[in-house]
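Let's take a walk through this structure, one helix at a time. Have a look at the picture first, then read on.

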Amino acid sequence: MPADDPAAAQAAALRLLARRDLATGELRARLAARGFGPAATAEALAALANEGVLDDGRFAHNYVAYQAARGRGPVRIAADLRQRGLPPELIEAALAAGPDWRLAAAAARARRFGRRAPQEYRDKARQARFLQYRGFSADHIRAATGADADTD
């Protein structure tokens, strides 16, 4: 496999994309790991982007929808997308188009702990830690646990 062949790099990229959608940065790293040079990789990625096969905006929106459905919050999702090399403006747009994060935090809390809001401080703290680990902000956590901002 020639390292400088853009056609071979494009074919390898298509095989990778057939398995699952990838961000441009992830795909670039995987092609480099397979021995393709930067020039061939860049040309192959540009061709795939022009064809509409590779679209970071679509990837970000799909990733946000999938992770939100799994009970993850916007803070954690944004960190994952930054790690995958997506630009901040795409991340912000995808998160803004995502679900109502307060409702998502409440749903994640209810799935884990039941529908009743926590009454004891200890239960509120435990549920808040769970939601924080899931990637929800303090405002989302307060709304989901029924915690009053003045008393907690």
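A residue counts as buried when its relative accessible area is under 20%, as exposed when it is over 50%, and as partly exposed in between (1.4 Å probe, protein chains only). With a relative accessibility of 72%, Pro38 is therefore exposed. You'll find Pro38 in helix α3, residues 38-51. Helices here are DSSP runs (H or I, at least four residues), numbered from the N terminus.

A quick word on what you're looking at: this is a predicted model, where local features need pLDDT of at least 70, side-chain atom pairs count only at pLDDT 80 or more, and totals for chains, interfaces and linings use all residues. Residues are numbered from 1 along each chain as its sequence is written, and side-chain values use heavy atoms, with hydrogens and water left out.

**Some residues side by side**

Here are four residues, each with its helix and its relative accessible area.

| Residue | Helix | Relative accessible area |
|---|---|---|
| Pro6 | α1 | 22%, partly exposed |
| Glu26 | α2 | 14%, buried |
| Asp80 | α5 | 17%, buried |
| His140 | α9 | 14%, buried |

**Starting with α1**

Helix α1 covers residues 6-19, which makes 14 residues. The expected span of a helix is 1.5 Å times one less than its number of residues. For α1 that gives 20 Å, and the distance from its first C-alpha to its last is 20 Å, close to what's expected.

Just ahead of the helix sits Asp5, which caps the N-terminal end of α1: one of its side-chain oxygens lies 3.3 Å from the backbone nitrogen of Ala7. That's a polar contact, meaning a pair of N or O atoms within 3.5 Å; within protein, one must be able to donate a hydrogen and the other to accept it, and residues adjacent in sequence count only if both atoms are side-chain atoms.

Which residues of α1 are buried? They are Ala8, Ala9, Gln10, Ala12, Ala13, Leu16 and Leu17. What covers them includes α2 and α3. Contact means heavy atoms within 4.5 Å. Not counting residues up to four places away in sequence, Pro6 touches Ala40, Glu43 and Ala44. As for Glu26 in α2, leaving aside neighbours within four places in sequence, this residue is in contact with Arg20, Phe59 and Arg84.

**On to α4**

Helix α4 runs over residues 56-69 and should span 20 Å at 1.5 Å a residue; its end C-alpha atoms are 20 Å apart, which agrees. Its N-terminal end is capped by Asp55, with a side-chain oxygen 3.1 Å from the backbone nitrogen of Gly57. After the helix comes Gly71, whose phi is positive, near 90°.

The buried residues of α4 are Asp56, Gly57, Phe59, Ala60, Tyr63, Val64, Gln67 and Ala68. Why do they sit on the same side of α4? Because they cover an arc of only 160° around the axis, where the arc is that of the directions from the helix axis to the C-beta atoms. An α-helix has 3.6 residues a turn, so residues three or four places apart point the same way. The face turned away from the buried side carries the exposed residues Tyr66 and Ala69. The buried residues of α4 pack against α2 (24-33), α5 (74-83), α6 (88-96) and α7 (101-113).

**Where α4 meets α5**

In α5, the buried residues are Pro74, Ile77, Ala78, Asp80 and Leu81. Seen down the axis of α5, they fall within an arc of 160°, so they line one face of the helix. The face turned away from them carries the exposed residues Arg82 and Gln83. The buried residues of α5 pack against α4, α6, α7 and α9. Just after α5, Gly85 takes a positive phi of about 90°.

How do the residues pair up? On the α4 side, Phe59, Ala60, Tyr63, Val64, Gln67 and Ala68 meet Ile77, Asp80 and Leu81 in α5. The two helices pack at an angle of about 140°, with their axes 10 Å apart. Those axes are lines fitted to C-alpha atoms, for helices over the stretch in contact, and angles run from 0 to 180 degrees between N-to-C directions.

**Last stop: α9**

His140 lies in α9, residues 138-145. Leaving aside neighbours within four places in sequence, His140 is in contact with Pro74, Trp101, Arg102 and Ala105.
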